[in-house]
Amino acid sequence: MPTAKSEKKVVTLAYGCQMSERDADTLTEISGQKGYIPSQDLEHADLIIINTCCVRESAENKILGKIGELKRLKAINPQLKIAISGCMVQQPGALERLRKRAPHVDIWAGTHNIHEFQRLLDESDERKVAEVWEKPKETLESVPLAEKGKLKAFVNISYGCDNFCTYCIVPHVRGRERSRQPQDIIEEINALVKTGCREVTLLGQNVNSYGHDLQPPYDFADLLKNVDSIPGLWRVRFMTSHPKDLSDKLIEVIAAGQHLCEHIHLPCQAGSNDILLRMNRKYTREYYLSRIAEIKKQIPQASITTDIIVGFPGETEEDFEQTLTLIRQVTYSQAFTFMYSKRSGTAAAQMEEQVPLDIKKRRLQQLINLQNAQSLAWRQKMIGHTYEVLVEGPSKANPDRLTGRTRGNELVVFPGESRLIGTLVQVIIQDASSWTLYGELTE
Ligand code: SF4
């Protein structure tokens with residue numbers, strides 16, 4: 001929608017995980033309270049926010065390139081404000097380095113300072129500002145709602161992580177795990193539903209350990225039960241589940257839930273016990289497979305997805321082969337595959353026996369080929385069956401068609417009228433690729 005000339009426009013870019021997207025929504029919301037209207041028009045923005053990710057060095061380089069590009073816009077419009085927030089800024093010693101590299105940036109905010117963004121915006125009228133706390137100091141409940149009026153929203157249930165997987169920077173930049181109070185989460189979702197939201201994704205680095213720090217005792221299964229009964233909410237998703245904390249009780253609750261989607265994202269990361277140990281994942285291949293067996297027993301229709309890293313330091317051909325056999329055994333509907341790359345500040349970056357790049361590339365391709373075939377087989381089995389689809393909007397690849405997702409989170413493309421956007425429809429599947437289902441409305 002075009003904005004009046006006097007209106008100030010904010011463009012927010014989020015890099016990385018859903019946590020980063022949720023933080024970016026919060027920053028957009030806070031700037032809205034200062035009169036900024038969300039926009040996608042970078043060239044004419046009055047405020048540009050980049051919420052950063054530092055999980056992979058390649059992502060970091062891309063973001064640095066983007067921040068560099070903004071210098072040109074600042075030269076054209078000196079009134080433009082540029083704010084950089086998130087994990088990259090939070091890394092020990094990063095602020096000083098980044099400020100030197102990008103003096104055209106007006107606001108720097110760490111992951112624990114997002115709720116202070118309004119003050120930082122005000123102060124940036126006078127000077128360049130930076131606020132990066134080493135640890136969270138204030139209550140987590142003062143962060144405002146995500147952008148209103150969306151069909152789907154992310155809701156944080158916990159922050160930080162206690163797991164210290166040896167390849168991961170998250171515990172170092174987002175701190176120890178802290179659970180939000182259940183009543184605050186429920187209130188936030190109720191408020192979102194009132195604005196038209198119909199699907200929430202509960203977010204935490206490890207949702208399954210939610211509540212370990214709460215009194216009286218209250219865990220993730222309890223939270224799911226309470227969220228499931230919120231009137232007006234159609235779908236509840238959650239991520240990410242750590243296999244070591246996926247209890248039978250939790251699987252039972254998901255199986256019995258009315259609005260709890262039958263989609264479980266359960267990162268295995270590797271199929272070899274030696275590599276899992278080196279990754280400090282705190283489970284074995286056998287334990288992981290026992291969790292998969294329990295899911296399949298209680299929720300036979302569950303769509304299970306995963307994350308896998310290939311080429312972790314010390315990974316032999318035999319270790320890699322065990323990852324392939326695990327994938328064949330589980331039959332994931334989708335997998336997010338990554339080639340290990342060193343992340344400074346993590347334990348794995350110090351490990352000897354780094355795997356040569358050409359071997360990592362070859363293994364990644366092998367993995368992708370296998371998973372693509374499995375994803376296709378998974379979707380082909382859905383042909384001829386009818387699924388409930390939440391209609392999200394026009395398909396990006398086929399704008400004359402609609403797109404939406406099944407409860408299992410599979411993407412579906414089908415012909416239909418735009419009045420169906422935001423509703424639940426029944427679609428019979430007629431064709432499939434590795435990533436997409438194609439179908440027709442049944443009514
Ligand atoms: S569970 Fe492991 S991979 Fe996930 S955020 Fe925590 S340390 Fe990182």
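This note covers the domains, the ligand shell and one loop residue of a predicted model.

1. Domain layout. The domain assignment splits the protein into domain 1 (8-131), domain 2 (140-380) and domain 3 (386-441). The centres of domain 1 and domain 2, taken over C-alpha atoms, are 27 Å apart. Their contact draws 24 residues from domain 1 and 27 residues from domain 2.

2. The interface between domain 1 and domain 2. About 2400 Å² is buried between these two domains. Carbon and sulfur atoms carry 53% of that area. On the domain 1 side, the residues that lose the most area to domain 2 are Met19, Arg22 and Glu29. Together they account for 30% of what that side buries.

3. The ligand shell. Cysteines in the shell are Cys161, Cys165 and Cys168. Phe164, Tyr167, Val170 and Pro171 also surround the ligand. The list is completed by Asn163, Gln205, His242 and Arg281. By class, the shell has seven nonpolar, three polar and one charged residues.

4. Ser39, setting. Ser39 sits in the loop that links β2 (36-38) to β3 (47-52). Is Ser39 buried or exposed? Ser39 counts as buried because its relative accessible area is 19%, and the cut-off is under 20%.

5. Ser39, partners. The Ser39 side chain reaches the backbone nitrogen of Asp41 at 2.9 Å. Leaving aside residues up to four places away in sequence, Ser39 touches Lys9, Val10 and Val11.

Note on methods: Residues are numbered from 1 along each chain as its sequence is written. This is a predicted model: local features need pLDDT of at least 70, side-chain atom pairs count only at pLDDT 80 or more; totals for chains, interfaces and linings use all residues. Side-chain values use heavy atoms; hydrogens and water are left out. Helices (H or I, at least four residues) and strands (E, at least two) are DSSP runs, numbered from the N terminus. Buried means under 20% relative accessible area, exposed over 50%, partly exposed in between (1.4 Å probe, protein chains only). A polar contact is a pair of N or O atoms within 3.5 Å; within protein, one must be able to donate a hydrogen and the other to accept it, and residues adjacent in sequence count only if both atoms are side-chain atoms. Contact means heavy atoms within 4.5 Å. A residue is near a molecule or strand if one of its heavy atoms lies within 4 Å of it. Ala, Val, Leu, Ile, Met, Phe, Trp, Tyr, Cys and Pro count as nonpolar, Asp, Glu, Lys and Arg as charged, and the others, Gly among them, as polar. Domain bounds come from an automatic or database domain assignment. Buried area is the accessible area (1.4 Å probe) that two parts lose on being put together, summed over both.
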